[in-house]
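My notebook is open and I'm going through this one piece by piece. Here is what I looked up, in the order I got to it.

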Amino acid sequence: MSWLTGTRCLRRRCPFSLTATRTMYSAPGSSSQPTIELPEDWTLMQENRARFKCLFDLMNDHGSTQTRENTFQPHHTLSRPLGPSQATLSALVAAGAHFGHTTSLMNPNFLPYAYGMRAGLTIIDLDQTLPLLRRAANLVRAVAQRKGTILFVGTRPELQETIQRASGRLGSQGYHIGERWLPGTLTNRNQLFQEETREYRLIPDLVIFLNPLANMNAIRECAIQHVPTVGIVDSNADPRIVMYPVPANDDSPRTAQIIAGVLSIAGKEGIMAREEGKKAKQRRTDRIMIKQALLGEGAE
C-alpha cells in the first residue's frame with residue numbers, strides 16, 4: 001500500500017487531523033510541561049491519544065509479525081532443538097557447520113564430502129551433511145522405538161550440557177558420558193563393574209560421538225562389540241571410523257547442539273511412536289473383548 005493510499009484511508013477512518021504527537025502530561029506545579037490545568041487541556045490530550053492510536057492501528061497491519069518467540073535465537077539450538085524434518089541448510093550454515101580444518105590437514109578419505117577450499121580452509125558440503133543427518137535420525141528413531149539404549153559421548157567441557165540435555169530427552173533410554181572414556185568400558189566390563197553386569201545391561205544399542213577423534217578407544221570398543229556408531233566427522237578425520245558419519249565442524253559447539261538436538265528429538269519421536277503403538281494395540285484388544293462378550297450374550 002502506498003503512502004498516499006494509506007493517508008486517504010486514515011482520513012476516512014479518523015475524524016482527526018493526521019498530526020499525531022505523543023505528548024506527556026503532568027500535574028499542575030510539576031517541572032515537566034505541558035500540564036493539565038483546564039478542561040481544554042484534557043480534551044486535547046484525549047484527541048492526541050486517539051490520533052496516535054488510529055495511526056498505530058493503521059500501520060500495525062503492515063508491520064512485521066516477528067517476535068522473540070517465533071524467530072531464531074542462538075540459545076534455541078540447546079533449549080528448543082529442531083526436529084529431523086525441520087533441520088535446514090541455513091541452520092547448519094548459521095552454526096558454522098561448513099567450516100573444516102586447514103587444507104593441509106584434510107584426510108584424503110574425506111574428499112567426497114568436501115565442497116571446496118576457501119582462504120586455506122576446507123569447506124564441507126552441507127548438501128551431503130543434511131541427508132546423512134536425517135539418515136542418522138531415522139536410525140536413532142528406530143532404535144528408540146524398539147526400546148534400545150542410546151549413549152551420547154562428548155568429552156569436551158563445552159559439550160557436557162549438550163549431551164546431558166540430549167540424553168535427558170530420551171528418559172530411561174538415554175545415557176551420556178561427558179568425562180574421559182574409561183578404557184575397557186565395553187570390552188572389559190565384567191572386571192570393571194563386576195556385580196552390576198548381572199543387574200544392568202552395560203552394552204548400548206547405539207553410541208553417538210560428538211568428538212570422535214578424542215574417543216578412538218571408545219570407537220574401537222564399539223566395533224569389537226558390534227555396536228553401531230554415529231559421529232560428527234570433520235575434514236581432518238576418516239569418515240570410516242564410525243558407521244554413520246555426519247560430516248560437519250566438530251569444533252563448533254552450536255553445530256554439536258544442532259546435531260545432538262536433531263538426533264535426540266528423533267529418539268523422542270521413536271519413544272512416542274512406541275507408546276502410541278501400545279495404546280492402539282490395547283484399544284484393539286478391548287474392542288475384541290467387547291465384541292466377544294456381546295456375541296456370547298447373544299448366543300445365550
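**Start of H5.** I began with the cap at the N-terminal end of H5, and it is Asp125. One of the side-chain oxygens of Asp125 lies 3.2 Å from the backbone nitrogen of Asp127. Note to self: this is a predicted model, so I'm reading computed positions here.

**Along H5.** The helix covers residues 126-145, which makes 20 residues. From first C-alpha to last I get 28 Å, close to the 28 Å expected at 1.5 Å a residue. Next I asked myself which residues of H5 are buried. The list has plenty of leucines, including Leu126, Leu130, Leu132, Leu133 and Leu139. Thr129 is on the list too, along with Ala136, Ala137, Val140, Val143 and Ala144.

**Just past H5.** Lys147 follows the helix, and its phi is positive, near 65°. Then I stopped at Thr149, which sits in the loop between H5 and E4. Is Thr149 buried or exposed? Its relative accessible area is 18%, and the cut-off for buried is under 20%, so Thr149 counts as buried. I also looked up what Thr149 touches, skipping neighbours within four places in sequence. Val143 of the H5 buried list is one of the contacts. The others are Gln173, Tyr175, Ile203, Pro204, Asp205 and Leu206.

**The sheet.** What order do the strands come in? I read it as E5-E4-E6-E7-E8, an open sheet of five strands with parallel pairing. At the edges are E5 (174-177) and E8 (244-247), each pairing on one side only. The twist averages 20° from one strand to the next. A reminder from class: strands of a sheet pair through backbone hydrogen bonds, either parallel or antiparallel.

I zoomed in on one pair. E4 (residues 150-153) and E6 (residues 206-209) run parallel and share four bridges. Val153 has Phe209 of E6 as its bridge partner. Helix H6 (residues 160-168) packs on this sheet, where it touches E4 and E5. The direction of H6 makes about 165° with that of E5.

**Aromatics.** Last check: how many aromatic pairs does the structure hold? I found one. The partners are Phe110 and Tyr113, with 5.8 Å centre to centre. Their planes are 50° apart, and the pair is tilted. Phe110 is buried, at 0% relative accessible area. Tyr113 comes out at 19%, so with buried meaning under 20%, Tyr113 counts as buried as well.

Terms used. Residues numbered from 1 in each chain as written. Predicted model: local features only at pLDDT ≥ 70, side-chain atom pairs only at ≥ 80, totals over all residues. Heavy atoms only, no water. Helix = DSSP H or I, 4+ residues; strand = E, 2+ residues; numbered from the N terminus. Expected span 1.5 Å × (residues − 1). Buried < 20%, exposed > 50% of the residue type's maximum accessible area, 1.4 Å probe, protein only. Polar contact = N/O pair within 3.5 Å; in protein donor to acceptor, adjacent residues only side chain to side chain. Pairing = 2+ DSSP bridges. Axes fitted to C-alpha atoms, helices over the stretch in contact; angles between N-to-C directions. Contact = heavy atoms within 4.5 Å. Phe/Tyr/Trp six-rings, centres within 6.5 Å; stacked < 30°, edge-to-face > 60°.
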